[in-house]
Amino acid sequence: MTCHSRQRGYDDRKIATSVDSIAHLILGKRGLALEFDERHVEVATALVLRGEHVRARRVLLCPPIEGGQYDMARKPCRLRACPTCSERRAWRLAGKLEQLASGYTHPVVLLVAAPSRSSSDLKLSVSELKLKLVTLRRRAWFASACPRGVIAVECPPTNGGYRWNVHAHGICDVAPDIREEFAARAQADWSELRGAGAVFGLETLRNESGLAQYSFKVGGEKSWSPMPDTVTAAQWDELDHALRGARLLIAWGTKRSQNPRCS
Ligand SMILES: [Zn+2]
């Protein structure tokens, strides 16, 4: 049995030992004859340590990416906990974000941030970000200055892990001559709606697909969606509970038929 190592400088014997034991633990003797993706092994180990054997098994058996390509013949596990499926989902949403923003007249980069207040209020914080954004967008001055936008919500833990840095990157449509005034008013209203730490900022758009890919961290070392082995057990439980079924790509001013159905 081998592991597709991504050259992170680990001791090969240590990897072999941990792959052997984790595969045997999850799959029994069958596991000794299979090859696994290194990240799948790491995540499956974290899940097993938390007693989540069923999910660990699904992640371990999820087809890895071979030479930059997904193995389309094998069924992916589609779990949020899976690095491969999470990346695949991020690529799909980045493409959707880029596609929606491609028709904007004056595209500009948007960052909206509304950090949570504690480590256990992620679900509330994400829904608050969405609801308060709807309130802001319904204000007449906002609707006329920024008729369209598409953003991707991201929820990493803050440094120290005491809260969640709930924020969203994306692209909106605001004419250059009113941008400064719009940004100042939007920041003031957003602070009033969302309180301390709230950010509503615009930046010049240099590369649409680059921004879409950055929004979903595609192709990077860091995952858009935190993985079970990069957060504590309590944080993973909170993420798992808060983001189940949550739609994380938000678009406004888009025809209903074009609205993103995927989350
Ligand atoms: Zn998977």
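Trainee: Before we start, how do the angles between elements run here?

Mentor: Angles run from 0 to 180 degrees between N-to-C directions, with axes fitted to C-alpha atoms. Bear in mind that this is a predicted model.

Trainee: OK, so which strands does helix 4 lie across, and at what angle to strand 6?

Mentor: Helix 4, residues 83–101, lies across strand 5 (107–113), strand 6, strand 7 (167–173) and strand 9, and its direction makes about 160 degrees with strand 6. Helix 7, residues 179–194, also packs on the sheet, where it touches strand 5 and strand 8 and runs at about 165 degrees to strand 8.

Trainee: What's the strand order in that sheet?

Mentor: The sheet is open and is formed by 5 strands in the order 8-5-7-6-9, with antiparallel pairing. Strand 8 (199–203) and strand 9 (249–252) are the edge strands, each pairing on one side only, and neighbouring strands are turned against each other by 20 degrees on average, direction ignored.

Trainee: How many bridges join strand 6 to strand 7?

Mentor: There are 6 bridges between strand 6 and strand 7, which run antiparallel, while strand 6 (residues 149–154) pairs with strand 9, also in the antiparallel sense, over 4 bridges. Ile-151 has a bridge partner on either hand, namely Gly-170 in strand 7 and Ile-250 in strand 9, and Gly-149 stands opposite Trp-252 in strand 9.

Trainee: Is strand 6 mostly covered or mostly exposed?

Mentor: Strand 6 is mostly covered, with 5 of its 6 residues buried.

Trainee: And which residues have the most contacts inside the largest nonpolar core?

Mentor: Those are Leu-97, Ile-151, Ala-152 and Val-153, in a core of 38 residues. Helix 4 provides the largest share of this core, 6 residues, and the other elements giving two or more residues include helix 5 (122–137), helix 9 (233–243) and strand 9. Another core, of 18 residues, lies apart from it and has Val-59, Leu-60, Leu-61 and Met-227 among its members.

Trainee: Switching topic, how do helix 2 and helix 3 cross?

Mentor: The axes of helix 2 (residues 38–49) and helix 3 (residues 53–61) come within 8 Å and cross at roughly 175 degrees. Angles over 145 degrees count as roughly antiparallel, and the two helices are therefore roughly antiparallel to each other.

Trainee: Which residues make the contact?

Mentor: Helix 2 contributes His-40, Val-41, Val-43, Ala-44, Leu-47 and Val-48, and helix 3 contributes His-53, Arg-55, Ala-56, Val-59 and Leu-60. By character, the residues of this contact divide into 8 nonpolar, 2 polar and 1 charged.

Conventions. Residues numbered from 1 in each chain as written. Predicted model: local features only at pLDDT ≥ 70, side-chain atom pairs only at ≥ 80, totals over all residues. Parallel < 35°, antiparallel > 145°, perpendicular 65-115°, else oblique. Contact = placed C-beta atoms within 7 Å. Nonpolar A, V, L, I, M, F, W, Y, C, P; charged D, E, K, R; others polar. Pairing = 2+ DSSP bridges. Core = buried A, V, L, I, M, F, W, Y, C linked by C-beta atoms within 7 Å. Buried ≥ 20, exposed ≤ 12 C-beta atoms within 10 Å, placed from the backbone.
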